[in-house]
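User: I'd like a close look at one part of this protein. Could you walk me through it in plain terms?

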Amino acid sequence: MEQDKPGCGAGCAVLTPEQVRVMREHGTERPGSSPLNDEKRAGLYRCAACGTPLFRSETKYESGSGWPSYFDALPGAVETTVDTSHGMVRVEVHCASCKGHLGHVFPDGPRPTGQRYCMNGVALDFVPDTQ
Ligand SMILES: [Zn+2]
């Protein structure tokens, strides 16, 4: 685990500049850059900023987009807003706990939800299930 900054409460992670750019400034990581694209193990995906569980490996699938993709989020874990930047209408996804930006959700995902949560890998922290 990373060392907490002085004055930073328990569970408050130190973010890298890239994580700050994505999660606080609504940036987008380069497609294909996240090691989580190839993560196939069973486990939990947590918010990189506050540690809240967001996604389970069972909902992760290969979308071919270059970003980690899920067809569902854990109940109540994420919130959405309509994002009209860059001349597009998209649904922005952020952590319900710390409001950190995670990515976008599109209505072209697989069954059973039909949703595609297109996430920035740097906004997620993968914790494999203990064997
Ligand atoms: Zn969070």
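In what sense do strand β1 (residues 43-47) and β2 pair, and over how many bridges?

Analyst: A quick word on the ground rules. This is a predicted model, where local features need pLDDT of at least 70 and side-chain atom pairs count only at pLDDT 80 or more, while totals for chains, interfaces and linings use all residues. Numbering starts from 1 along each chain as its sequence is written.

Now to your strands: β1 and β2 pair in the antiparallel sense, over three bridges. Strands here are DSSP runs of E with at least two residues, helices are runs of H or I with at least four residues, and both are numbered from the N terminus. Two strands count as paired if DSSP finds at least two bridges between them. Pick out leucine 44 and you'll find its bridge partner, arginine 56, in β2.

Zoom out a bit and β1 sits in the middle of an open sheet of three strands, in the order β2-β1-β9 with antiparallel pairing. The edges are β2 (53-56) and β9 (124-128), each pairing on one side only. From one strand to the next, the twist averages 30°, with axes being lines fitted to C-alpha atoms and angles running from 0 to 180 degrees between N-to-C directions.

For context, the protein has one helix and nine strands, and the helix comes ahead of the strands as you read from the N terminus: α-β-β-β-β-β-β-β-β-β. Elsewhere, β5 (residues 78-83) and β6 (residues 90-95) also pair in the antiparallel sense, over six bridges. There, aspartate 83 has arginine 90 in β6 as its bridge partner.
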